[in-house]
Amino acid sequence: MEKAQTKYVLKIKDEVKERDYDKSKATPKTPAKENTKPQEFKLHTEQRAYKRAMFNYSIATKLYLMELQKKQIERVQKIIEEEEIRMLRKEMIPRAQLMPFFDRPFFPQRSNRPLTIPREPSFHMLNSKC
């Protein structure tokens with residue numbers, strides 16, 4: 001029984017050696033490849049972040065310009081109001097009226113406009129509407 005086992009073990013060892021021998025013959029070593037360089041790539045998130053930053057910048061500039069324009073309009077409005085107040089105060093100062101000239105009497109002039117032609121009122125139209 002021991003002889004059978006030893007023969008079996010020897011047989012397996014020979015088969016393993018043959019396989020190893022066959023593998024070394026069949027697969028020659030391939031030459032080493034050069035290291036490959038990875039390609040650069042852009043993520044979509046980077047593109048979106050850039051576009052969003054540009055959009056935020058444009059919105060900020062628009063708001064800033066609108067604020068400047070609003071301040072300028074307020075300044076102009078304030079100057080106009082101050083000028084109006086000055087004019088009103090100037091007009092509010094009471095001043096004496098000039099004395100009429102009594103040495104020359106007043107003679108009214110006749111108007112150049114033609115006289116109005118009188119018309120008879122048409123009451124029958126007013127009654128029909130009521």
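Colleague: Where in the chain do Glu83 and Arg86 sit, and how far apart are they along helix α2?

Modeller: Glu83 and Arg86 are three residues apart in helix α2, which puts about one helical turn between them. Bear in mind that this is a predicted model. In it, the side chains of Glu83 and Arg86 form a salt bridge, with 2.8 Å from N to O.

Colleague: What can side chains of opposite charge do when their charged atoms come close?

Modeller: They can pair. A search of the whole structure turns up two salt bridges. Besides the one between Glu83 and Arg86, Glu67 is bridged to Lys71, where the closest N and O atoms are 3.6 Å apart. That distance counts because the cut-off is 4 Å. Glu67 and Lys71 also share helix α2, which spans residues 44-92, and they are four residues apart, about one turn of the helix.

Colleague: Are the bridged residues buried or exposed, taking Glu67 as the example?

Modeller: Neither label applies: Glu67 has 44% relative accessibility, so it counts as partly exposed. Lys71, at 42%, is partly exposed too. Glu83 has a relative accessible area of 39% and is likewise partly exposed. Partly exposed means between the 20% limit for buried and the 50% limit for exposed.

Colleague: What percentage of the 130 residues of the protein chain count as buried?

Modeller: The figure is 0%. The protein chain exposes about 15,500 Å², and carbon and sulfur atoms supply 59% of that area.

Colleague: Which residues form a nonpolar patch on the surface?

Modeller: Phe55, Ile59, Leu63 and Met66 do, with about 400 Å² of accessible area together. Met66 belongs to helix α2. With a relative accessible area of 55%, Met66 is exposed, because the limit for that label is over 50%.

Colleague: How should I read the aromatic rings: how many aromatic pairs are there?

Modeller: The count of aromatic pairs is zero. A ring can also have a charge over it, and here the charged end of Arg104 sits over the ring of Phe101, 4.8 Å from the ring centre.

Colleague: How many helices and strands does the protein chain have?

Modeller: There are three helices and zero strands. Along the sequence the pattern reads α-α-α.

Colleague: Which element has the lowest mean pLDDT, and which the highest?

Modeller: Helix α3, residues 123-129, has the lowest mean, 64, and α2 has the highest, 96. For the protein chain, the average pLDDT is 84, and 83% of the residues score at least 70. The two salt-bridged pairs discussed above, Glu67 with Lys71 and Glu83 with Arg86, belong to helix α2, the element with the highest mean.

Conventions. Residues numbered from 1 in each chain as written. Predicted model: local features only at pLDDT ≥ 70, side-chain atom pairs only at ≥ 80, totals over all residues. Heavy atoms only, no water. Buried < 20%, exposed > 50% of the residue type's maximum accessible area, 1.4 Å probe, protein only. Areas by Shrake-Rupley, 256 points an atom, 1.4 Å probe, with all protein chains shown as cover. Patch = residues over 30% accessible without salt bridge, like charges linked within 9 Å, V, L, I, M, F, W, Y side chains within 5 Å. Phe/Tyr/Trp six-rings, centres within 6.5 Å; stacked < 30°, edge-to-face > 60°. Lys NZ or Arg CZ within 6 Å of the ring centre and 35° of its normal. pLDDT = per-residue confidence, 0-100.
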